[in-house]
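Here are my notes on this model, written as numbered points. Please keep the structure open while you read.

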Amino acid sequence: MSTLIKNATIITMDDQSGIIQGSVWVENGRIKEVIPHLPGSEPTIHVNETIDGSEMIVMPGMTNAHYHSYSNLLKGTTSHLPLEMWSLYTTAYGYSLDDEDIYHAVLLGVIDMIKSGVTSCIDHFPHIRRSEAALKAYEASSIRVGFAPMMHDVPDHHFLPVDLPIDTKRKLDQASPISVVEMRAFYNSLFDRWHDKNDRIQIVVGPNAPQRCSQEMLALCKELSEQSGAYVHTHLLETRIQKEVGDSAFSGGILGRLQDQQLLSRKLSTAHSIWIEDDEAEMLAEHGVSFVHNPVSNMMLGSGRANVSSYLEDGINVALGTDSSNCGISHNLFEAMRIAVMHSRQEHPNFHEWLQPIDVLKMATVGGAHILGEEKKRGKIKQNYEADLVLLNKRSSALTVNADVISQLVYYENGSSIESVMVKGEWILKNRKMVSFDEEAVIQAVKEKQESLLQKSRASVQWANEVEPYFTDMYKKFHPHPGEKKAGSNRMDAAHEQGKFEGMKS
């Protein structure tokens, strides 16, 4: 199959080219050539399909680098609490999901992502016994995925200093985690059946978070990554509570647990990474670790502000994620890019340190591809790269004005200009219509089961209601009245203090 997209505006994301006018020649899943030329002077090339791109922008497909697919069925549920309490509810609803629910949840999220120019994602997946259903959905969707089943054997109430009644703690402990032996067998089975399937599915080792894994479980992460060459993806230092408790509980803090198990490497990506101190960021940079910025969920859960500008200055690769549907907005990286730019302006009183549109576009394209070791095969429109392309119609309200194209995409685009999307040279969205599966059938199936989902989760949600006050009491101890708040050595605290100082000077 060969395609020529002619006379288009091409955002290459290649440092040497930038934005050019010309044509993109796709053959056998790869970009055979990017041809700069004046409008109307395209070369004559014999291909199966020719597309007039004179009213189009062509950009690389983006990567949603931290995402939880199961949450697509939980839109409109509990989203008004900080992480430590919110987790009780998302877990409660998640218990009720069966294989069919998970299959449709994956495809529902894929609709969101493809229609907003996302061609790859990292799905940090907590319901490991439903993994087969999720992977079958990804196979049907034709999107790329780094599938990272969560590994954890230390529940939050064992790590967090929450004061629970004995009976309540006993009941929580009845949900025994999967053992290291079982987890090893599970992952080895996944690697055998799914890793690199169709060159679109990667199995990624997915520790939930360092504090939620025993030393043995973290050692297994290292073992699995080394034996299979797989990448590793985890939550890291998402909240102030995790930082303070981790510093007290572990030598070297939570980050030290990753270091002790030799997991700090080019293969590791860490989601959120908010409560990172300067020396810790420098150490992560030295090891080639990547961060995934989740600006929306960070704000929705009140977790804090990641100092992304400083991370970029340290040479850390940063990507973008949308996290969960029930602690964010849609899985739309145009929205995430826009919010990331605005978020940085709250982070830095010095406007010279604000993120710029090109910074966040790099996170969404090149940065996301880098996390899965694919920065030399996608994320750019470049000769011999795989053809993951997004075609946007310039005859839209967001793109009609012909000014700074990258600023227009980041500040004004929401996905409504997208006409077509291809992955490895195959159309997965064509003329605004999903190609690989029936979108309407998925939506109808979700609508039909929504009421039963809420019914099935009623008992577990009630249990979360009973437990939540104990977690809330713990949370208040770590978040006293602002007047009593002490400044820490974390970058976040330094940014807040600098902001107050700048305000006093003015």
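1. Start with the second largest cavity and helix α1. The model is predicted. In it, α1 supplies the largest share of this cavity's lining, three residues. Both α1 and α4 give at least two residues each.

2. Now the whole lining of that cavity. It consists of Leu83, Glu84, Ser87, Asp156, Phe159, Leu160, Gln211, Arg212 and Gln242. By class, there are three nonpolar, three polar and three charged residues. The space inside is about 40 Å³.

3. How many cavities of 30 Å³ or more are there? The count is three. The largest cavity holds about 60 Å³ of space.

4. Look at what lines the largest cavity. The residues are Leu73, Asp101, His104, Ala445, Val446, Lys449, Gln450 and Leu453. Two elements, α2 and α16, give two or more residues to this lining. The largest share, five residues, is from α16. By class, the lining has four nonpolar, two polar and two charged residues.

5. Next, see how those two helices meet. Helix α2 covers residues 99-114, and helix α16 covers residues 439-456. Their axes come within 10 Å and cross at roughly 130°. An angle between 115 and 145 degrees counts as oblique, so α2 and α16 are oblique to each other. The crossing of α2 past α16 is left-handed.

6. Which residues of α2 and α16 make the contact? From α2 come Glu100, Asp101, His104, Leu107, Leu108 and Ile111. From α16 come Glu439, Val442, Ile443, Ala445, Val446, Lys449 and Lys456. By class, this contact has seven nonpolar, one polar and five charged residues. Compare it with the cavity in point 4: Asp101 and His104 of α2 take part in the contact, and Asp101 and His104 also line the largest cavity. Ala445, Val446 and Lys449 of α16 likewise belong to the contact and to the cavity lining.

7. Finish with the largest pocket. It holds about 1400 Å³ of space. Its lining has 47 residues, and Thr91, Tyr95, Pro126, His152 and Asn208 lie nearest the centre. The elements giving two or more residues are α1 (83-94), α4 (156-159), α5 (166-173) and α17 (458-478).

8. Which element gives the largest share of the lining of the largest pocket? It is α1, with nine residues. By class, the pocket lining has 23 nonpolar, 15 polar and nine charged residues. Helix α1 thus appears twice in this note: it gives the largest share of the pocket lining and the largest share of the lining of the second largest cavity.

Key
Residues numbered from 1 in each chain as written. Predicted model: local features only at pLDDT ≥ 70, side-chain atom pairs only at ≥ 80, totals over all residues. Heavy atoms only, no water. Axes fitted to C-alpha atoms, helices over the stretch in contact; angles between N-to-C directions. Helix = DSSP H or I, 4+ residues; strand = E, 2+ residues; numbered from the N terminus. Parallel < 35°, antiparallel > 145°, perpendicular 65-115°, else oblique. Left-handed = near helix turned anticlockwise from the far one by under 90°. Contact = heavy atoms within 4.5 Å. Nonpolar A, V, L, I, M, F, W, Y, C, P; charged D, E, K, R; others polar. 1 Å grid on protein atoms, 1.4 Å probe; cavity = no way out; pocket = protein on both sides within 12 Å on 5 of 7 lines; lining within 4 Å. Points joined across faces, edges and corners; volume = space filled by probe spheres on them.
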